[in-house]
Amino acid sequence: MSEITDFDSLRRAMAENGEQPEGPARNARAERLLLEAEKLNIPLAVIEALGHQLKVYNYSSEKAKMFVPFARLLRLWDERPEDFDDYETHSLHWVFKWVSAGMLDQPHVPLASVEKWLGEMEHRYRLAGHSERAVRSAEFSVAAHVGDVERAERAFAAWLAADRDTMADCHACELHGQGWWQAERGRDAEALEVWAPVLEGEYTCAHEPHTVLASSLVPLLRLGRLEEARAHHLRGFRLVRPMESMRGAYADHVEFCALTGNEARGLELLAERPAYFTDEGHPRSRLEFLSVVVLLMERLAELGLGGQRVPGAAGREWTADALAVHARAEALALAARFDERNGTAYVSERARARMAQRPLVERLPLGVRAARPASAVVAVALTAPAPAQEDGEPDLSALLVEARRLSDTLRPHAVEAWARVARLAEETEGVELQARDRAEIADHAAIGLGAEGAETFEQAAELYARAGDPGEALAARARAAYVRALAGEVDEALAAVADPYDLVLALYADGGTEVPQAAGVLMGRARILMRRVHEADGPVADTVLREAEAAVRELLALVDGRAGNDVRLAARVAEGHAMLAELATHSGDPEAGAELFARAAAEFVEAGLPWFAVEYEARLAGLAHQLGDMVEAERALRAALEHGGPFLEAVGRSQLHLQLAEVVGGRGQADEAAEHALEAAHWADEAGAGPTFGAWARHQLGGFLVRLGRWAEAAEVLESALADLTAETHGDGAVVQTQWWLGDCLSELGEHRDAAERRLEAAEIARHWPEQHDHATLAHLAAESLGQAGLHTEADQAYARAGELWRGLGNVHGLVRSLRARAWLALRTEGGPDTARDLMTRAVEECADAFDAAEDDEARLRLVAELGHTHRQFGDLLARSAAEDADDDSIRAALDEALCQMAEAVAVFVALGDSTLHARTGAELAAGWLETDLGRPTAAAARARAVLRAYADSDGGAGAGADGGDQEEDATVRSRRAEAEQLLQVAEEQKDR
């Protein structure tokens, strides 16, 4: 802490402390500053130090400490009100509200004392001539807290009816309280309507829209406005996270996670704030926090995760079950203390109701990185329950019928149905299945084994043969051969399928088997030959392609036109066309491939097997994208998602949504693209692919949110993406772009130091790239952020670095802008006006030199415009530096020099014509004001009239559309006209003196 030697140094120290993060460290410094203030022997110094102490206590978890400094302030006021200046007088009355609310939040303060204090507040406000609005607001808080609804409604009405004055809470805080009551009374839509001006940024303060965003979460969920709820959580949590005093709002975000299937994120939130479990300075917010901890822990227990380790109070390890019991006991004990104080059971009832809430959404994807606990993922039942007898026991014959129906019609979960049959047959005494039944059981068990099912397929073949179906036995042997091909044994598989192939053709020719069985063998052989295509290194040999195509066409010749109502044969036809599509693409004919994939998908859908179409619609989308047919690519992706329905695996769903996001985003539909990227991230997490597909989806989602200007949401998503993005997996370009976007977000949110850090990190990666434009741009942006963060020396260094990069790239515009920025920084650093003037002179010279070297007219015009802007900024800079000079002659000389630069700017913009109209009139007005400063009213008036003439024929401004045009353009025109009128009036008045 810097030494306190006088009142000014005390005030500086208090201002610095006020900028520190909330918490005990800031409070402790405020206490030390009060001791220093007392040494100064200045009454107002002590009063201000007490006010500072009270303020930092109120905005911390140690709110209970504020009563002592306030009591002392009040005593000082009663004894010597003349020691208070106007500001401290106002502040003293203002904090009555804090103390009133603070008493209510402390259960050890008797309700009679709270009511007495309310009366004292009303009395003192009346004496000071203040409205009763703040008093009625405080009375409402008391009545609402104890559950006296009738009194609360009366006070609420009186609060709204009373006049707003300087003692009323800010608009944002008032609207929060008013909307909270509407939501409390079950009027969610009305609450959101009340909160709208805060949510839209019309009213803000130190704690708003933070609390409104938090309070809006459950009402939005109850209304089914899920997209808004998601956005409010991402935006609001970012605001609440660094503010220690906002435990109640933090609890709202944990509650949101518990009610939306985001239990894992809820645990992450708890882990960030271990002190919230034990901080006792504000019992009411501790009760709120512990209540939602119970809600979250009991939700985990419902999901079978009661034994999972969870974050909790320091000093011991917690499981969800243990923390639920502990938090419930602590919360209800706190609630009981409030109820004992209040003489009602209202606080306990509300706490129990909050703990007992049920999820409002099974799972609301947030886009941020938080995988769902594995055992919390409940499998969706996609098949009908097993048929049962009247006594509820499964019926084997019915199970057999159902399993055969599912397999004959190629329905999902046929494998599971046959496994059910096998289990029941094994468990039932005296039951022996027919060979055919056992063959089908083995056949489907082999399917379930995937690449390891060859031996089981051979067993099925033996059983089919015993059952008198030699054709199906050969088909099973062909399936066994194909499984070997899947395991990489393609040559062995071809050898294994050769015998079944010859035998089945002979058998079919003799009428010993039918089309489905023969088709099964031919399909197995065709699939094996396609594996040779898939596994080829580099270009596929023509002989391999021709053999595979011949096998597929042989299959189609057998089946095509004979499918009838046989779903399995229809599927063979569709798969055959898909194989031909793949062969066409390998042969260099993507148009034919796309046509055949579309045909195959349509055939699967027509056969009532839409889930089989998904793979080929996805392939079609890729080909259409390659061919530049984005309409077809989008159609195919949408069809794949629709046809996959509940049967799509999570990773496949993620990939489809991700591709669709890119396609839709490419045609400018950022809103819908963001929705698909969000879904992609969600399903990637569900599939356990969060670090791969999930990170890429979050990267894309963040970019779309940036495009939409949803900065806070984008920042949360992009920070989450960076946790998993790596150059090895996703490419360093993705890492740089994510850092770049995040820097843009942080800059828009006013977090300039963090924005600079992100931009510098991205620039460091881009520094190694062959093309240096991105490196230069990021260095320039980092310099801007450093300057906005007040780090002027570091900003100058970054601008210098960017300038050298721009020079190396031959980008004069970037170089000139970096020089101008450094000139402005010089005014705030040791360089001073002389360095600033030199840098701006260099910028002018760079423009002139580049103009002489320019090779085309367009480049020259752009350089002339840059020169005009440089002269304008040079003039502004000289005028600014003159204002800091106490010597009259030096000031006049500097203003004359500034006016010369402005005149140069005007001349340049005039030469460029209407394209720089606004730049010209801006420079003209700046020159006019300099003329008045130099005592030249006639010249100033002439410049004002020149601006008015420039806009004389303008209805909506230069470049405005026929319909009235761009609103921003109109505003610029109106602003220029108004300023010109003002300048003209000042000049005329100056003439008359």
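Trp181 is buried (under 20% relative accessible area, 1.4 Å probe, protein chains only), with a relative accessibility of 2%. The model is predicted, with local features requiring pLDDT of at least 70 and side-chain atom pairs pLDDT 80 or more, while totals for chains, interfaces and linings use all residues. Residues are numbered from 1 along each chain as its sequence is written, and side-chain values use heavy atoms, without hydrogens and water.

Trp180 is partly exposed (from 20% to 50%), at 27% relative accessible area. The structure holds 20 aromatic pairs (ring centres within 6.5 Å, the six-membered ring being used for Trp). In one of them, the ring centres of Trp180 and Trp181 are 6.0 Å apart and the planes meet at 35°, so the pair is tilted (neither under 30 degrees, stacked, nor over 60, edge-to-face). Phe277 and Phe289 form an edge-to-face pair, with 5.2 Å between centres and 80° between planes. Phe277 lies in the loop between helix H16 (263-272) and helix H17 (283-302), and Phe289 in H17, so the pair ties together parts 12 residues apart in sequence. Phe277 and Phe289 are both buried. Elsewhere, ring pairs link Phe597, Phe604, Trp611, Phe612, Tyr616 and Phe647 into a cluster.

Helices H32 (residues 650-666) and H34 (residues 690-707), DSSP runs of H or I with at least four residues, pack at about 30° with their axes (lines fitted to C-alpha atoms over the stretch in contact) 11 Å apart. H32 is therefore roughly parallel to H34 (angle under 35 degrees). Residues in the contact (heavy atoms within 4.5 Å) include Leu658 of H32 and Trp696 of H34.

How values were computed. Axes fitted to C-alpha atoms, helices over the stretch in contact; angles between N-to-C directions. Helix = DSSP H or I, 4+ residues; strand = E, 2+ residues; numbered from the N terminus. Parallel < 35°, antiparallel > 145°, perpendicular 65-115°, else oblique.
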